[in-house]
2 protein chains.
Amino acid sequence: MPHEAQKAIARQSLLLRSLPDQHVETLLSHAIWRQYDRGETIFLQEETAKAVHVVLAGWVKLFRMTPTGSEAVVSVFKRGDSFGEAVALRNVPYPVSAEAVSTCEVMHIPSPILISLMKEDPEIGISILASTFTHLHSLVAQLEQLKAQTGAQRVAEFLLNLCDEVDGRCDVSLPYDKMLIAGRLGMKPESLSRAFSRLKTVGVKIDRSHAEISDINALRRYVEDEPANLR
Amino acid sequence: MPHEAQKAIARQSLLLRSLPDQHVETLLSHAIWRQYDRGETIFLQEETAKAVHVVLAGWVKLFRMTPTGSEAVVSVFKRGDSFGEAVALRNVPYPVSAEAVSTCEVMHIPSPILISLMKEDPEIGISILASTFTHLHSLVAQLEQLKAQTGAQRVAEFLLNLCDEVDGRCDVSLPYDKMLIAGRLGMKPESLSRAFSRLKTVGVKIDRSHAEISDINALRRYVEDEPANLR
DNA sequence: GTGTTGACTTGACAATAGTCATGTTGCGGC
DNA sequence: GCCGCAACATGACTATTGTCAAGTCAACAC
């Protein structure tokens with residue numbers, strides 16, 4: 001059972017934050033807390049789901065291995081994100097594998113608990129649908145990106161999502177290493193390197209894990225511009 | 001309200017087939033039936049969802065328009081498929097637009113009906129999650145395809161999904177026009193043409209909307225082989 | 001029939017991204 | 001400190017795909 005500080009993070013997650021307190025307490029009291037080291041597997045593709053997972057700290061990636069051995073990163077989750085909802089409730093095999101990409105803490109809510117609670121209160125179903133929909137939406141956005149944008153544009157959009165400011169300049173630090181960023185954006189690390197150097201022309205400087213964006217709007221224009229204007 | 005023959009198709013859909021009869025009847029009695037012409041819009045991105053949609057006949061595509069005007073096809077649905085579940089239950093805007101790609105019949109189940117029924121029986125929530133999960137899964141599969149396979153490999157896999165046989169030879173007819181196939185597979189019509197001619201070397205012949213696969217296993221090997229063996 | 005239209009194919013060329021090879025750098029272990 | 005490793009960068013080359021242009025073909029209205 002998780003500690004109070006851990007529970008507090010879980011309560012803020014999309015999955016739990018709109019549920020009535022008493023249900024959240026029931027779920028949390030049955031939850032299992034675990035720490036994973038970088039590179040450790042959380043579950044494997046084809047395994048049957050027994051729990052819903054909530055990231056409390058660190059980063060987790062979902063990916064698929066292709067028959068030829070290359071991996072396709074499907075999503076990367078951070079503190080407060082939940083995953084595996086739709087799978088856990090249906091006792092079907094995971095379509096993806098999950099791995100810790102940094103040291104991280106994950107809370108597991110056993111699916112039987114979730115199911116029995118759902119029978120009491122249909123509102124829980126809506127909550128689960130809410131987080132599932134968020135994933136659905138982000139996959140759709142990724143598909144659009146991959147189909148309609150060049151590598152450099154995807155990188156630019158990735159950087160924009162890291163900025164809090166609306167315009168002007170902005171400093172961000174890359175949340176995880178460049179190999180993973182490349183995977184997440186559907187390219188090879190070499191291509192990511194080249195995309196970064198291409199972005200120099202629109203005022204982006206990269207140093208290690210630190211990125212400096214001199215003009216957010218210029219970057220935004222780069223993402224949305226016609227291919228002809230990209231050079 | 002739909003006719004009996006239309007209801008029969010709806011009852012076989014993933015969304016409804018595992019529900020108790022009485023609930024299905026309630027839903028169907030409130031459903032709206034409509035026919036759409038090729039090219040007609042069913043809903044637009046950013047519109048708020050008011051219903052869940054079930055395809056009874058024909059084909060429907062979901063797509064996103066990018067700021068630059070190009071479109072990214074997200075999925076293509078056929079008879080018996082449902083879409084818009086997760087969105088309808090949450091009163092949020094659609095992340096995609098839907099359009100009829102052939103003359104087609106669609107049944108709309110108003111979301112308030114679904115919600116009220118869900119409060120009576122949480123099993124409905126599970127059914128909705130089931131079809132939502134199917135979409136999630138297919139998006140993940142598409143992402144993997146786009147990230148890890150060449151155009152010709154994606155086309156080969158598309159053809160394999162159309163075959164019923166397990167091995168040997170097989171004839172299939174392309175379900176919709178090649179422009180849409182190209183969009184669905186994330187490429188331009190020209191690239192699809194070239195992918196088809198490339199597949200001649202592994203025993204695939206295309207004539208109009210008719211495809212002839214001389215050896216299913218050879219095609220399967222082509223999809224899974226190392227890039228080095230693809231030429 | 002004729003003409004028009006849109007789907008499809010093909011070729012030439014440009015742009016983008018992957019591969020392979022090589023080199024640099026930062027970091028943890030010792 | 002030094003070593004060794006893995007992440008990252010860069011260059012040269014190749015493969016894949018998009019773009020533009022031209023042409024074929026079938027369907028359909030007239």
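# Two DNA strands and two helix pairs

Reader: Which helices each supply at least two residues of the surface near DNA strand C?
Author: The model is predicted, with local features needing pLDDT of at least 70 and side-chain atom pairs counting only at pLDDT 80 or more, while totals for chains, interfaces and linings use all residues, and side-chain values rest on heavy atoms, without hydrogens or water. Residues are numbered from 1 along each chain as its sequence is written, with chains lettered from A and ligands numbered from 1 in the order in which they are written. Helices are DSSP runs of H or I with at least four residues, strands are E runs of at least two, and both are numbered from the N terminus; a residue is near a strand of DNA if one of its heavy atoms lies within 4 Å of it. On that basis the helices are H8 (189–198) of chain A, and H7 (178–184) and H8 (189–199) of chain B.

Reader: Which element gives the largest share of the surface near DNA strand C?
Author: The strand has 16 residues around it, and among the nearest are Gly151(A), Ser191(A) and Arg208(A). The largest share of this surface amounts to four residues, and the element that supplies them is H8(A).

Reader: How far is a base nitrogen of DNA strand C from an N or O atom in the side chain of Arg194(B)?
Author: A polar contact is a pair of N or O atoms within 3.5 Å; within protein, one atom must be able to donate a hydrogen and the other to accept it, and residues adjacent in sequence count only if both atoms are side-chain atoms. Phosphate oxygens of DNA strand C lie 2.6 Å from a polar side-chain atom of Arg208(A) and 2.4 Å from one of Ser193(B). For the base nitrogen and Arg194(B), the distance is 2.6 Å.

Reader: How many charged residues does the surface near DNA strand D have?
Author: Asp, Glu, Lys and Arg count as charged; Ala, Val, Leu, Ile, Met, Phe, Trp, Tyr, Cys and Pro as nonpolar; and the others, Gly among them, as polar. Of the residues closest to DNA strand D, Arg194(A) and Arg208(B) are two. Beside two nonpolar and five polar residues, the number of charged residues is nine.

Reader: How far does a polar side-chain atom of Arg208(B) lie from a phosphate oxygen of DNA strand D?
Author: A base nitrogen of this strand is 2.7 Å from a side-chain N or O atom of Arg194(A), and a backbone N or O atom of Lys188(B) lies 3.4 Å from a phosphate oxygen. For the polar side-chain atom of Arg208(B), the distance to a phosphate oxygen is 3.0 Å.

Reader: Why are H2(A) and H4(A) roughly antiparallel or roughly parallel?
Author: Axes are lines fitted to C-alpha atoms, for helices over the stretch in contact (heavy atoms within 4.5 Å), and angles run from 0 to 180 degrees between N-to-C directions. Angles under 35 degrees count as roughly parallel, over 145 as roughly antiparallel, 65 to 115 as roughly perpendicular and the rest as oblique. The axes of H2 (residues 21–29) and H4 (residues 111–120) of chain A come within 10 Å and cross at roughly 160°. That angle therefore makes the two helices roughly antiparallel.

Reader: Is the crossing of H6(B) past H9(B) left-handed or right-handed?
Author: H6 (residues 151–162) and H9 (residues 216–224) of chain B pack at about 140° with axes 9 Å apart, and they are therefore oblique to each other. A crossing is left-handed if the near helix is turned anticlockwise from the far one by less than a right angle, and right-handed if clockwise. Here the crossing is left-handed.
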